[in-house]
Amino acid sequence: MGSRTVKIGAEDDSRVMTGMPSFVPAIPNSNSLGTEGNTIRSSQLTDFGTFEQSLGFRIEDAVGLNPVYNQMKSSSQVLGTDIQFATLNKTLQLQKEPQANLVSTSGGHRENWGESTMAEASPRTDTSTDDTDDKNQRHEMGQLIGVAASDSSDKSKEKSGDQKTLRRLAQNREAARKSRLRKKAYVQQLESSRLKLTQLEQELQRARQQGIFISSSGDQSHSMSGNGALAFDVEYARWLEEQNKQINELRAAVNSHAADAELRTIVDNVMAHFDDIFRLKGIAAKADVFHILSGMWKTPAERCFMWIGGFRSSELLKLLVNQLEPLTEQQLMGIYNLQQSSQQAEDALSQGMEALQQSLAETLANGSPSPSGSSGNVANYMGQMAMAMGKLGTLEGFLRQADNLRQQTLQQMHRILTTRQSARALLAINDYFSRLRALSSLWLARPRE
Amino acid sequence: MDRVKDLASKKAAVIFTKSSCCMCHSIKQLFYELGASPAIHELDQVSNGKEMEYALRGLGCNSSVPAVFIGGKYVGSAKDIISLHVDGSLKQMLIDAKAIWF
């Protein structure tokens with residue numbers, strides 16, 4: 001014997017089904033009276049109102065139930081006996097699941113059924129806790145289906161299990177009530193968490209705008225899956241940490257007048273570490289060039305004096321010259337030439353950037369107001385945008401060359417200087433940037449009237 | 001490629017560019033700053049530009065332009081020029097090729 005599966009109302013179908021996974025009142029087959037099995041399992045009737053509508057929608061299909069349904073609607077009687085439910089289980093079988101899933105004992109199914117609606121059915125104890133119109137409707141519905149079903153039910157079995165059933169009913173009611181309370185508490189918890197989350201996000205956004213560097217949690221998987229900007233920020237934070245460690249090591253070595261060989265190893269490490277950040281920036285630029293160019297990953301003061309996504313090599317060299325004495329003639333010449341070369345390269349790249357901006361402006365401003373139809377304008381616009389997109393794409397190239405310039409400058413400086421001088425230079429560079437970062441923090445924390 | 005080599009040998013410093021390429025603009029500016037007056041060939045404006053661009057791409061760099069030749073020899077693209085300039089080699093090459101005098 002099978003049960004007829006009836007689709008409940010078009011668009012409500014899925015909602016109904018998921019809302020109350022297993023409570024599906026059945027439409028009886030012509031020969032399914034007294035069939036065993038029950039798909040009504042315990043669940044919260046989350047959307048009974050809808051269900052009711054859709055049930056009403058479909059119940060016409062059920063054999064012999066239509067007139068009963070109207071009767072149900074009008075009646076407000078609340079019946080608390082087990083008869084209705086038991087019979088309901090047996091006779092009303094609108095099921096989604098195949099027959100195989102059904103619990104096939106008459107006693108068992110009553111319990112399950114009870115979990116979902118029996119509690120509702122009992123008017124006195126439970127309605128007081130969750131008293132909504134919805135639930136009342138549920139009551140009515142539950143009761144009245146029972147009433148209807150009893151017309152065609154087999155009553156003999158029920159009378160014998162009265163006592164046990166009553167107790168079981170009460171237990172079910174209690175369980176259902178507790179379940180409802182738990183669900184309520186859980187939903188409240190979810191709501192408050194959601195609120196907190198939104199608040200935190202807003203705070204984060206605000207703080208980011210103020211330029212406080214915020215790194216996300218150390219969760220590896222999270223940072224890697226996120227967008228390029230976030231991932232880079234995390235990488236940069238890690239890089240800074242490592243940088244500080246290395247610089248401390250270098251400082252200790254310099255102060256303790258370590259041997260050249262040891263110093264050279266540490267210096268080489270620091271230089272290699274610089275290569276790391278340029279490599280990371282390159283990767284990040286492919287994902288989000290504007291993030292790197294914006295300098296949001298730097299502190300405000302650093303950001304202000306930024307040039308094409310990083311520091312200005314020529315400026316760095318200027319502040320080093322004084323701190324590196326004594327320098328040989330050759331070294332002085334070397335540093336001076338290096339300073340000049342980097343300045344020239346910086347100028348060239350800056351001019352290229354300016355040309356890019358101008359070209360982009362021309363492209364976007366080139367709107368010929370044609371009186372023709374909209375299609376012409378749209379094609380124009382699309383062509384404009386396509387060209388502009390192409391130009392924007394070259395930004396990554398400029399950033400790459402700017403970083404290349406920075407990297408080459410550092411390496412050339414390292415070549416010109418001795419190991420000890422390089423060590424001092426690297427310490428000086430690090431001091432400068434640390435102070436700039438500290439300045440940013442002070443600035444952000446300054447008392448404002 | 002022949003056309004490229006031919007043009008490249010005509011002057012001490014030769015740069016193949018495109019009018020739309022802003023990086024080319026940067027490299028041009030650098031050469032002017034150094035006092036060189038390189039011969040500029042804009043591939044999007046000359047007759048067989050496409051073939052020359054194709055040939056240049058075969059020289060190994062990602063973008064065909066800018067392509068710099070000094071003394072008839074291919075030097076490289078933007079990245080190479082900047083690197084060579086930083087360590088002083090570019091200037092020396094230009095002096096050797098008599099593109100500049102100091």
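In the predicted model, A:Phe232, A:Tyr236, A:Trp239, A:Phe274 and A:Trp297 are joined by ring pairs into a cluster. Over all chains, a search of the whole structure yields nine aromatic pairs. One of these is formed by A:Phe232 and A:Trp297, with an edge-to-face arrangement in which the centres lie 5.2 Å apart and the planes enclose 85 degrees. The angle supports this assignment because planes over 60 degrees apart count as edge-to-face. The pair connects distant parts of the chain, 65 residues apart: A:Phe232 belongs to helix α11 (residues 228-255) of chain A, whereas A:Trp297 lies in the loop between α13 (289-294) and α14 (300-304) of chain A. Both A:Phe232 and A:Trp297 are buried.

The contact between the two chains involves 20 residues of chain A and 16 residues of chain B. About 1,600 Å² is buried between chain B and chain A, and carbon and sulfur atoms account for 64% of this area. Of the area that chain B buries against chain A, 35% comes from B:Cys22, B:Ile82 and B:Val86, more than from any other three residues.

Helices α2 (22-34) and α4 (78-86) of chain B each contribute at least two residues to the side of chain B that touches chain A. The most is given by α2(B), with eight residues. Classified by residue type, this side of chain B comprises seven nonpolar, five polar and four charged residues. With respect to specific interactions, zero salt bridges are found across the interface of chain B and chain A, while six residue pairs are in polar contact across this interface, both residues being at pLDDT 80 or more.

Terms used
Residues numbered from 1 in each chain as written. Chains lettered and ligands numbered in written order. Predicted model: local features only at pLDDT ≥ 70, side-chain atom pairs only at ≥ 80, totals over all residues. Heavy atoms only, no water. Contact = heavy atoms within 4.5 Å. Buried area = accessible area lost by both parts, 1.4 Å probe. Salt bridge = Lys/Arg side-chain N within 4 Å of Asp/Glu carboxyl O. Polar contact = N/O pair within 3.5 Å; in protein donor to acceptor, adjacent residues only side chain to side chain. Helix = DSSP H or I, 4+ residues; strand = E, 2+ residues; numbered from the N terminus. Nonpolar A, V, L, I, M, F, W, Y, C, P; charged D, E, K, R; others polar. Phe/Tyr/Trp six-rings, centres within 6.5 Å; stacked < 30°, edge-to-face > 60°. Buried < 20%, exposed > 50% of the residue type's maximum accessible area, 1.4 Å probe, protein only.
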